[in-house]
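Here is a short tour of a complex and its ligand site. Have the model open beside you, and let's begin with a term we will need along the way.

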Amino acid sequence: MTLTEKLLARAASKKRVQAGDNVWVQADILMTHDVCGPGTIGVFKREFGKTAKVWDRNKVVIIPDHYIFTADSMSNRNVDILRDFVKEQGITYFYDVIDDPNGHWVFDPTKGAMKRQHGSHYAGVCHAALPQKGHTRPGEILFGTDSHTCMAGAFNEFATGIGNTDAGFVMGTGKLLLKVPETMHFRLEGKLQPGVMAKDIILHSIGEIGFDGATYRAMQFDGPGVASLSIDDRMTIANMAIEAGGKNAIFEFDAQTQAFVDYRCKLNGTNPSYEPVTRDKREKFSYELVLDLSKLEPTVACHPNPGQRKLARELNAIKLDRAYIGSCTGGKTSDFIEFARILRGKRVIIDTFGVPATPEIVHDLQTARWGQQTVWEILVAAGVKMTENAGCAACLGGPVDTFGRMNAPLKCISATNRNFPGRMGHKDSQVFLASPATVAASALTGKITDPREYLPA
Amino acid sequence: MQSVFTGPVFVVRDDIDTDQIIPAQYLTLVPTIREEYEKLGSYAMCGLPEKLYPARFVRDGQTRGEYPIVVAGRNFGCGSSREHAPIALGAAGCKVVLAEGFARIFFRNSVATGELYPCESSERLCDVLKTGDEVTVDLDALAVTVKKTGKVFKLKSLGDVRSVVDAGGLFNYARKTGMIGKTG
Ligand code: SF4
């Protein structure tokens with residue numbers, strides 16, 4: 001069996017499953033957020049009754065993150081719906097925007113978008129918060145009401161995005177009927193060259209198979225090249241499996257996974273026990289690709305979808321209006337560090353927005369020092385508009401007052417994961433997806449730029 | 001159970017993602033609240049750029065459209081997991097989407113909500129039909145008949161999922177088949 005088949009077999013209490021089988025699987029975690037949580041709760045109550053209880057109050061994790069720092073009253077109301085539900089159900093893991101369990105969340109636009117407005121429990125973008133808060137464990141099944149839930153495949157677990165109705169079902173029963181996907185095999189060899197990042201690996205792979213190339217399938221990443229990839233790198237790759245239509249992504253378990261997961265579970269006091277899955281000698285794949293990481297170059301997905309692959313150096317005639325770094329894909333600490341390495345001591349010449357994925361990342365950047373300055377200060381000095389309000393922000397457009405949202409038909413280079421028409425705001429804007437390094441170099445020149453020209457000596 | 005649908009089609013091309021079906025700013029609407037469900041219908045497909053799609057799926061100021069059938073190319077419904085997408089289409093009066101192919105989560109959400117039948121066509125109907133063309137879709141015969149020309153196109157079978165949509169979605173189906181208790 002492949003890694004995905006092994007995970008699903010275990011969760012279905014079966015010895016074997018194979019691609020195409022329909023099986024009932026037991027969930028370990030159900031995650032929801034402010035955009036799909038209220039609808040999921042609505043389905044749960046409609047179907048199981050007003051007084052129904054969730055299947056396990058320690059396994060439903062609720063993370064408001066999408067439309068938080070906006071004066072839009074419906075968005076603020078949705079966070080309140082989550083809080084009421086958490087109280088009623090006694091849910092253990094709720095990363096509320098505010099500290100007062102009886103309060104109401106209201107964003108204050110007069111304080112501006114950059115200064116921190118959230119309380120101490122807030123955890124930021126769900127997919128980055130789940131691992132930081134010790135909710136991703138090898139061998140488990142994670143369902144989330146968000147398509148990028150597949151990011152947690154980096155931790156050797158089965159993780160996939162589902163809709164509100166499916167999530168309402170899981171909320172009540174802990175189970176879901178799934179079709180076992182076929183597995184596509186991506187064997188990574190070699191090491192990335194300077195200036196080339198994990199984002200380039202996944203943009204390259206999506207370009208290779210087409211952006212519906214993994215529809216209904218699992219993407220398994222393994223091989224000797226994985227050892228040189230950090231946990232953040234693996235998360236970036238797994239995150240974008242959905243951009244090829246994939247059901248899930250999956251990595252092998254190794255010492256890095258173990259160190260990360262053990263530390264995080266301990267830090268937040270979550271369940272520390274887990275059982276990884278390892279590779280069988282015989283695996284059936286529907287597709288195989290060997291990728292030599294040392295041959296990859298900085299890659300860009302052009303408007304209007306993540307499959308429009310080009311090399312950054314082929315695009316230097318494209319002029320830009322804006323640069324954006326953030327999201328679950330590109331807003332991690334390591335992403336900002338690479339970004340800062342290129343911008344340090346220089347100035348961006350187009351509007352450049354930085355949105356860390358989680359408050360912990362904000363803290364990392366504000367405390368990590370390079371010489372006299374923190375990374376945060378280096379970025380601000382380079383002209384980047386950095387917000388302390390970690391969250392999804394303009395990655396998916398959001399309400400019109402969202403930080404970094406494109407409210408005009410602009411051209412933007414972005415470290416995020418989607419570039420469909422209108423994704424970051426205006427319907428006629430254009431988004432080019434690239435690595436944080438490529439976004440940084442492009443912010444310096446105002447054109448799409450290969451970051452290798454700007455690497456510090 | 002209704003298995004024949006007749007009416008004008010609304011035609012879109014490949015790779016229509018969920019942001020175009022229901023733009024992100026409307027996700028504050030909660031589909032299980034009746035008035036908000038109807039509002040979602042009024043915004044269905046409003047993310048399609050006007051330049052490419054001058055005819056609108058739902059006219060300004062209306063909550064429902066006049067197209068019970070949407071015809072699409074490859075990878076319809078790609079992108080986010082928002083169930084608001086099939087719901088917005090359903091709320092606007094769409095019953096069937098005929099596409100060359102669907103993105104996984106959209107397909108699953110259409111079935112789980114019972115909002116619409118996601119049918120795969122054997123041919124690329126988006127190259128053959130134009131918005132406003134009248135067709136009849138017969139789910140039992142797996143056929144689409146074009147009124148003007150009398151031409152008939154084949155549909156692929158929906159397989160197991162047909163009965164889930166017939167039942168009105170995952171929960172009704174689970175109850176009918178005894179997977180969960182009657183009162184829940
Ligand atoms: S950061 Fe973007 S991709 Fe990630 S969860 Fe938020 S909206 Fe989705």
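## Terms and ground rules

Ala, Val, Leu, Ile, Met, Phe, Trp, Tyr, Cys and Pro count as nonpolar, Asp, Glu, Lys and Arg as charged, and the others, Gly among them, as polar. With these classes, the shell around the ligand divides into six nonpolar residues, six polar and one charged.

This is a predicted model, in which local features need pLDDT of at least 70, side-chain atom pairs count only at pLDDT 80 or more, and totals for chains, interfaces and linings use all residues. Residues are numbered from 1 along each chain as its sequence is written, while chains are lettered from A and ligands numbered from 1 in the order in which they are written.

## The ligand shell

Which residues come nearest to the ligand? They are A:Ser327, A:Cys328, A:Cys392, A:Cys395 and A:Leu396, out of 13 around the ligand (a residue is near if its C-beta atom, placed from the backbone, lies within 6 Å of the molecule).

In chain A, α4 (126–132) and α9 (327–330) each supply at least two residues of this shell. Helices (H or I, at least four residues) and strands (E, at least two) are DSSP runs, numbered from the N terminus. Domain 1 (3–178) and domain 3 (301–454) of chain A each give the shell at least three residues; the domain bounds come from an automatic or database domain assignment.

## The fold of chain B

Chain B has seven helices and seven strands, in the order β-α-α-β-α-β-α-β-α-β-β-β-α-α along the sequence. Its radius of gyration is 16 Å, close to the 16 Å that the globule rule gives for 184 residues, so chain B is as compact as a globular protein of that length (the radius is taken over C-alpha atoms, and the rule is 2.2 Å times the number of residues to the power 0.38).

Of the 184 residues of chain B, 53% count as buried, meaning that 20 or more other C-beta atoms, placed from the backbone, lie within 10 Å of the residue's own.

## Where the chains meet

The contact takes 37 residues from chain B and 45 residues from chain A; two residues are in contact if their C-beta atoms, placed from the backbone, lie within 7 Å. On the chain B side, α1 (18–21), α4 (104–113) and α7 (170–176) give two or more residues. The largest share, six residues, comes from α4(B).

## Confidence

Chain B averages a pLDDT of 95, and 98% of the residues score at least 70; pLDDT is the predictor's confidence in each residue, from 0 to 100. For the complex, the predictor gives an ipTM of 0.93 and a pTM of 0.97.

How values were computed:
Buried ≥ 20, exposed ≤ 12 C-beta atoms within 10 Å, placed from the backbone.
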